[in-house]
Amino acid sequence: MTTIRKRFLTNTDETGRFIVKSMKTGKVYFVEPIDDRANHTIWGDLDPASKSLQGDYGSKYRGSVKSNESLITQKNGFNEIAMVKGSPFSEIERRDNIVFRQIKNSS
């Protein structure tokens, strides 16, 4: 999993990927924003002479990945994969509470 972790945390400004570690259970959650929309905002530097956009940074720094670029797959060792609309933190909290109850009940 360390190779995946390293790949996951590479270019996070571009991909929007991040990791959350629970203070309650110690469980680690990988979060990867997915956006398959074709039209991302295109932004860059405006060339004053030609009045054209230079750089097209909008395609690079979009803060998400397309679903076919996802690293969160069973092939990469992830087995509890969920797509969440909106913020992932409520899903992380829900899952973490389940893990916490399981730990508490097994003690």
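**Close-up views of a predicted model**

**View 1. Phe 8, a buried ring in helix 1.** Phe 8 has a relative accessible area of 0% and is therefore buried. The model shown here and in the other views is a predicted one. Phe 8 and Phe 30 make an aromatic pair of the edge-to-face kind, with 4.9 Å from centre to centre and 75° between the planes. Phe 8 belongs to helix 1 (residues 2-8) and Phe 30 to strand 2 (residues 28-31), so this pair ties together parts that lie 22 residues apart in sequence. Phe 30 also counts as buried, because its relative accessibility is 17% and the cut-off for buried is under 20%.

**View 2. Three Phe rings in a cluster.** Step back a little from the pair, and Phe 78 joins the picture: ring pairs link Phe 8, Phe 30 and Phe 78 into a cluster. In the structure as a whole there are three aromatic pairs.

**View 3. Charged residues over ring faces.** Which residue lies over the face of Phe 8? It is Arg 17, at 5.7 Å from the ring centre. Another ring to look for is that of Phe 100, where Lys 24 lies over the face at 5.1 Å from the ring centre.

**View 4. The whole chain, for orientation.** Here is a map to help you place the other views. The chain has three helices and four strands, and their order along the sequence is α-α-β-β-β-β-α. Among its 107 residues, 26% count as buried. Of the contacts in the chain with a separation of 6 or more, 54% are between residues 24 or more positions apart. The accessible surface of the chain is about 7,900 Å², and carbon and sulfur atoms account for 52% of that surface.

**View 5. Helix 3 from end to end.** Helix 3 covers residues 89-106, which makes 18 residues. At 1.5 Å a residue, this helix should span 26 Å, and the distance of 26 Å between its end C-alpha atoms agrees.

**View 6. The two faces of helix 3.** Which residues of helix 3 are buried? They are Glu 91, Ile 92, Arg 95, Asp 96 and Val 99. Looking down the helix axis, you find the buried residues within an arc of 125°, so they line one face of helix 3. Strand 1 (18-21) and strand 2 are included in what covers these buried residues. Turn to the face that points away from the buried side, and you meet the exposed residues Ser 90, Glu 93, Lys 104 and Asn 105.

**View 7. Ser 22 in its loop.** Ser 22 sits in the loop between strand 1 and strand 2. Is Ser 22 buried or exposed? Ser 22 is buried, because its relative accessible area is 10% and buried means under 20%. Leaving aside residues up to four places away in sequence, Ser 22 touches Lys 27, Tyr 29 and Asp 96. You have already met Asp 96 as one of the buried residues of helix 3.

**View 8. Asn 97 and Thr 25.** Our last stop returns to helix 3, where Asn 97 has its place. Asn 97 is partly exposed, and its relative accessible area is 24%. How many residues apart in sequence are Asn 97 and Thr 25? They are 72 residues apart in sequence, while their C-alpha atoms are 8.6 Å apart in space.

Notes
Residues numbered from 1 in each chain as written. Predicted model: local features only at pLDDT ≥ 70, side-chain atom pairs only at ≥ 80, totals over all residues. Heavy atoms only, no water. Helix = DSSP H or I, 4+ residues; strand = E, 2+ residues; numbered from the N terminus. Buried < 20%, exposed > 50% of the residue type's maximum accessible area, 1.4 Å probe, protein only. Contact = heavy atoms within 4.5 Å. Areas by Shrake-Rupley, 256 points an atom, 1.4 Å probe, with all protein chains shown as cover. Phe/Tyr/Trp six-rings, centres within 6.5 Å; stacked < 30°, edge-to-face > 60°. Lys NZ or Arg CZ within 6 Å of the ring centre and 35° of its normal. Expected span 1.5 Å × (residues − 1). Arc of directions from axis to C-beta.
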